[in-house]
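Biologist: Hey, I'm new to this one. Could you pull it up and walk me through it?
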Amino acid sequence: MLSPTPEEPLLLAELKPGRPHQFDWKSSCETWSVAFSPDGAWFAWSQGHCIVKLIPWPLEEQFIPKGFEAKSRSSKNDTKGRGSPKEKTLDCGQIVWGLAFSPWPSAPSRKLWARHHSQAPDVSCLILATGLNDGQIKIWEVQTGLLLLNLSGHQDVVRDLSFTPSGSLILVSASRDKTLRIWDLNKHGKQIQVLSGHLQWVYCCSISPDCSMLCSAAGEKSVFLWSMRSYTLIRKLEGHQSSVVSCDFSPDSALLVTASYDTNVIMWDPYTGERLRSLHHTQLDPAMDDSDVHMSSLRSVCFSPEGLYLATVADDRLLRIWALELKAPIAFAPMTNGLCCTFFPHGGVIATGTRDGHVQFWTAPRVLSSLKHLCRKALRSFLTTYQVLALPIPKKMKEFLTYRTF
């Protein structure tokens, strides 16, 4: 059930780059992307200056912001230690825009090792993909920090990356060259498909947890839904009034959320294309007039791991947390220059990245899902909306299972 009076998000820790800002654009300091590994053991931070930090999670036994900042600045790339995992520093050589961990475990990844190392390890390895400013994608082995592959094909910035959750090591990349590309890391990073159709930069890509659909958002008012089986366009979702910049599927694949510069998050049924709900990001300051509406432009949206909450980051310097069935945010946290957000896979924490290269960790609502929601989540993980509507069950039950009871 949902907590009736959730607490405001509390800042648990903040990581800051260990070097001063440089005003040369080539050393861009933005944290465009942050990611937790699916098992929750690692956190990846694109801290700017072409550097990615791989940080073991949890940060410490207790969150002590000042102490961890000092630790993060002074730690070095240590790949020789045994026992506890060590923080890694990945120098990508280019500004890093996108990050994605492979599912865990990734047993087939030994094929990558076999090609690049004389002795392939006996255990599976966790992989991190990094999308770079020059269009390259670098594939790293997390435990050692070693570079495994360099994928070439994009002609401009690789803005976002997404692995198929099934563990097949299929990687999707979204680029400013207006294309999405599909790579098979089991075939040494072979490019198997190019998806064209967007007329603007592609900002975001998200694969549904059931691996059936791919959503892509570009600097356009419409969102594209693709089949991950045939790599063909299923439909365009139209409803936003400005560029769509972020998208995410619910854990059961039954919902899709998209965030736009028009200050709205739209919740869709990806199977039918139906628009289920809009969440409007209004100014909290009544002194603001309509001329300041751009201050609420969205930057990022993501689902919580149990699928009952959303987090959004907007240009009005607020992190918002939304309950799925409510139209207004249930909690706010002040943050400056936010660019991205993601939930810890086991819940309870949200990580946000900023234009200053910082990462902040916030408390998130902890929820005990109702039996009804658990049943819905289990059923919707393998039943489409159309299959639910065809079931010989009462109408109210169908409405609940298809998220029509808002």
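Modeller: Sure. One term before we start: two residues are in contact when they have heavy atoms within 4.5 Å. Also, keep in mind that this is a predicted model.

Biologist: OK, so how much of the contacts with a separation of 6 or more comes from residues 24 or more positions apart?
Modeller: Those residues account for 52% of the contacts in that group.

Biologist: And how many helices and strands does the protein have?
Modeller: There are 5 helices and 28 strands.

Biologist: What share of the residues is buried?
Modeller: Buried residues are 56% of the 406 in the protein. As for the outside, the accessible surface is about 17600 Å², and carbon and sulfur atoms make up 53% of that.

Biologist: Let's zoom in. Where does histidine 198 lie?
Modeller: Histidine 198 is in a loop, with strand E13 (190–195) on one side and strand E14 (202–207) on the other.

Biologist: Is histidine 198 buried or exposed?
Modeller: Buried: its relative accessible area is 5%, and the cut-off for buried is under 20%.

Biologist: Which residues does histidine 198 touch, leaving out those up to four places away in sequence?
Modeller: Histidine 198 touches Lys178, Leu180, Ser216, Ala218, Glu220 and Phe224.

Biologist: Which side chains make polar contacts with the one of histidine 198?
Modeller: The side chain of serine 216 does, at 2.7 Å. The side chain of glutamate 220 does too, at 3.0 Å.

Biologist: Switching to the sheet that has E14 in it. What's the strand order there?
Modeller: It's an open sheet of 4 strands, ordered E14-E15-E16-E17, and the pairing is antiparallel.

Biologist: Why do E14 and E17 each have one side without a neighbour in the sheet?
Modeller: Because E14 and strand E17 (233–238) stand at the edges, where each has a single partner strand. On average, neighbouring strands of this sheet are turned by 20 degrees against each other, ignoring direction.

Biologist: What holds strands together in general?
Modeller: Strands of a sheet pair through backbone hydrogen bonds, either parallel or antiparallel.

Biologist: And how many bridges are there between E15 and E16?
Modeller: Strand E15 (residues 213–218) and strand E16 (residues 222–227) pair over 5 bridges, in the antiparallel sense. For instance, cysteine 215 has leucine 225 in E16 as its bridge partner.

Biologist: Last topic: what does UniProt list for residues 370–406?
Modeller: The unreviewed UniProt entry lists "domain: SOCS box" there. In the model, that stretch is 59% helix and 0% strand, and its end C-alpha atoms are 16 Å apart.

How values were computed:
Residues numbered from 1 in each chain as written. Predicted model: local features only at pLDDT ≥ 70, side-chain atom pairs only at ≥ 80, totals over all residues. Heavy atoms only, no water. Helix = DSSP H or I, 4+ residues; strand = E, 2+ residues; numbered from the N terminus. Buried < 20%, exposed > 50% of the residue type's maximum accessible area, 1.4 Å probe, protein only. Polar contact = N/O pair within 3.5 Å; in protein donor to acceptor, adjacent residues only side chain to side chain. Areas by Shrake-Rupley, 256 points an atom, 1.4 Å probe, with all protein chains shown as cover. UniProt positions renumbered as here; feature names shortened; annotations may be inferred. Pairing = 2+ DSSP bridges. Axes fitted to C-alpha atoms, helices over the stretch in contact; angles between N-to-C directions.
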